[in-house]
Amino acid sequence: MLKRFFLLLSFVSCLFHIVMAGGERLTNGGFSPETNPFTPKASLVRYWNKQIQNQSLPGSAFLLSKASPLTAVASATFAKLASQNSLPDRLPDFCSAANLFCFPDLGPTLEKHSNDVKFSVYDQRNFTNYGTTRPGGADSFEKYSQNGNVVTDSFRRYSRDAAGHDDSFKGYADNSNVVDENFNSYGRSATGGSGEFKTYQSGDNNPTSRFTAYSDDGNGRAQTFKTYTHEGNAGPGQSFTSYGKNGNGAPNELSSYGVSSNVIGSEFSNYGQNANSANDTFKGYGGDGNVPRNNFKSYGASGNAAVDTFLNYRDKANVGDDTFSSYAKNSNSEKVDFVNYGKSFNPGSESFTGYGKGAEGNKIDFKTYTKNSTFKDYAKTGVGFARYNQSKLRDGKKVNKWVEPGKFFRESMLKEGTLIWMPDIKDKMPKRSFLPRSIVSKLPFSTSKITEIKRVFHARDNSTMEGIIANAVTECERSPTVGETKRCVGSAEDMIDFATSVLGRSVVVRTTESVAGSKQKVMIGNVKGINGGKVTKSVSCHQSLYPYLLYYCHSVPKVRVYEADLLDPKSKAKINHGIAICHMDTSAWGASHGAFVSLGSKPGQIEVCHWIFENDMNWAIAD
């Protein structure tokens, strides 16, 4: 028996070579003789050796680094729990041991503070009943949850029924990755005082905030949002539900909200409903953004003598969609002024349904609205329309800011000595690992099983995690484009199977060596065309945001793949080794694709090239 064990161990440790794009060599699969041969990583080594035809061919060291870190015992334990549908009971342990992306289950923080408190460099907490019924004083959150990865905070009944209590959030959750913030019953029934948010969620990737019953029944309490979600990227959005409802004389100001953000959505439901003398101002809201989406439902409905002002709303934005449903409906003496509304470089759309219907003494002015505006069942009196804005693309450079410089380029740029702008190729997703096939095969993964997936990963209804799960699964089930072959994979073995099914077993996997040179000009050094530079087929795999490491792998016909040294323009020293793929047939691409916006052409008229970003990869037939 002992002899058999050593024979197996010897087989596992057999020599095979893994070489990165830059030529770094790793032998023996990175294992010492003491390595347990039954771990998921050891299993992946054996699978690679079995499936890849010629062991002398290079592979990718970083593919092996994505293997599950689970021990043999842990892997078997969690696989058994998955088969019994019992993983949710051990989710924190599972997420930690398997290196997954999971939001923590925050317990309530019931501590009370009678004095003023300054929270600095503090995060991942659930504040419940904090500051409730507190008279006067101030709490300050500075640099809270900054530069974090997977940030989640919850404020429940914060400053509820307080009198003259000031709250200040400065530099809150800035420059963080995958942010989930919840404010429930914040400042509800409070009298006086103020809540101030400055540089809130600025520069975040996938930010989400929910303000529920925020400042409801408040009396004279002022709320200010300045540079909120500034330069954010692709968040599910910001949600204001029942904000300022039944409030009395409460001024709210949102300045520079969502400015220069990329695909950010906001929803305002029952905002200012039944309020008395509310005063809301939106300045620079959604300006200079890329495809912002805003939804106002029953905003200011049944209010009395409210004043709402939208200044430079969605100004200079690219496309964008806004919906106003039952806005100021059944209100009394409502005054709404839209100034420079929707002056987009590329026209978006605005829909006003039941706008001002049933209102008395209202005055609504539109100045410079767009050609894509639709008004259904709105008040026939008291509404003024001035200067219909025929918005059109006026400044290509302005719009091109949303196509990052260098993200797309022509094949002719891949010549030695050429100076080229390198985009930011840094991986901005949470660090995760593959799951072993023995586990991932037992987990639900389909749109018909979203409820089961949510249960496994403790995703609440309408939570950030629910949106992440739904988006990933939906994209994976999307029908392939013309000529595309696709598959989402959650294990390294599944990725190997897909790549070899398309390309055969004699394959090479490559990735760009590092992120060096990102967001700056680099010089192209030595260039090599894969497969002799011939038009061929390859498999590219891109990360999807999901609890475990999930790749969207697809193959499209008619591509050329290149590897190139990237040099410092001044010293000419090599700083990186990049992998680029050029799509020779773009006829099936959409006319609004960022490549055509950036390069100024149309589908089928040009080839389009791009780099393989950090932690993405390209598989090709071996030379």
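**Entry 1: ground rules and overall picture**

I count a residue as buried when its relative accessible area is under 20%, as exposed when the value is over 50%, and as partly exposed in between. By that cut-off W611, at 1% relative accessibility, goes into my notes as buried. I keep in mind throughout that this is a predicted model.

For the protein as a whole, I looked up the secondary structure and found 11 helices and 32 strands. Of its 623 residues, 53% are buried. The accessible surface comes to about 25,600 Å², and carbon and sulfur atoms hold 49% of that area. I also checked how contacts are spread along the sequence: among contacts with a separation of 6 or more, 75% are between residues 24 or more positions apart.

**Entry 2: aromatic pairs**

I then went through the aromatic rings, and the count came to 10 aromatic pairs. The pair I opened to begin with was F409 with W611, which is tilted, with 5.4 Å from centre to centre and 40 degrees between the planes. F409 sits in the loop between α6 (396–400) and β24 (419–422), while W611 belongs to strand β31 (residues 608–611), so this pair ties together parts that are 202 residues apart in sequence. I checked the cover on both partners: F409 is buried at 4% relative accessibility, and W611 is buried at 1%.

My next pair was F457 with Y548, again described as tilted, with the centres 6.4 Å apart and 50 degrees between the planes. Here F457 comes from the loop between α8 (450–456) and α9 (464–477), and Y548 from the loop between β28 and β29 (550–567), so that distant parts of the chain, 91 residues apart, are linked. Both F457 and Y548 are buried. When I followed the rings outward from this pair, I found that F445, F457, Y546 and Y548 make up one aromatic cluster.

**Entry 3: a residue in β28**

Which residues does S544 touch, apart from its neighbours within four places in sequence? I found that S544 is in contact with M429, R432, L550 and Y552. S544 itself lies in strand β28 (residues 536–544), and at 13% relative accessibility I record S544 as buried.

**Entry 4: salt bridges**

Side chains of opposite charge can pair when their charged atoms come close. My search of the whole structure for such pairs returned 15 salt bridges, of which I wrote up three individually.

- R90 pairs with D93, with the closest N and O atoms 3.1 Å apart; R90 is partly exposed at 32% relative accessibility, and D93 is partly exposed at 42%.
- K428 meets D424 with an N to O distance of 2.7 Å; K428 is partly exposed, with a relative accessible area of 40%, whereas D424 is buried, with a relative accessible area of 13%.
- R478 bridges to E484, with the closest N and O atoms 3.9 Å apart, a value that falls within the 4 Å limit used for a salt bridge; R478 is partly exposed at 29%, while E484 is buried at 10%.

After these I noted a network in which R437, R487, D494 and D497 are joined by salt bridges that share partners.

**Entry 5: helix α10**

One member of that network, D494, is listed among the buried residues of α10, so I looked at the helix next. Helix α10 (residues 492–503) has 12 residues and reaches 16 Å from its first C-alpha to its last, close to the 16 Å expected at 1.5 Å a residue. Is α10 mostly enclosed or open? With 10 of its 12 residues buried, α10 is largely enclosed by the rest of the structure. The buried residues include A492, E493, M495, I496, F498 and L503. Directly after α10 comes G504, whose phi is positive, near 95 degrees.

**Entry 6: strand β26**

Last, I examined strand β26 (residues 507–510), where V507 and V509 point one way and V508 and R510 the other way, and all of them are buried. Strand β26 runs antiparallel to strand β32 (residues 617–621), and the two are joined by 4 bridges. Within this pairing I noted that R510 stands opposite N618 in β32.

Definitions and conventions: Residues numbered from 1 in each chain as written. Predicted model: local features only at pLDDT ≥ 70, side-chain atom pairs only at ≥ 80, totals over all residues. Heavy atoms only, no water. Salt bridge = Lys/Arg side-chain N within 4 Å of Asp/Glu carboxyl O. Buried < 20%, exposed > 50% of the residue type's maximum accessible area, 1.4 Å probe, protein only. Contact = heavy atoms within 4.5 Å. Areas by Shrake-Rupley, 256 points an atom, 1.4 Å probe, with all protein chains shown as cover. Pairing = 2+ DSSP bridges. Expected span 1.5 Å × (residues − 1). Phe/Tyr/Trp six-rings, centres within 6.5 Å; stacked < 30°, edge-to-face > 60°.
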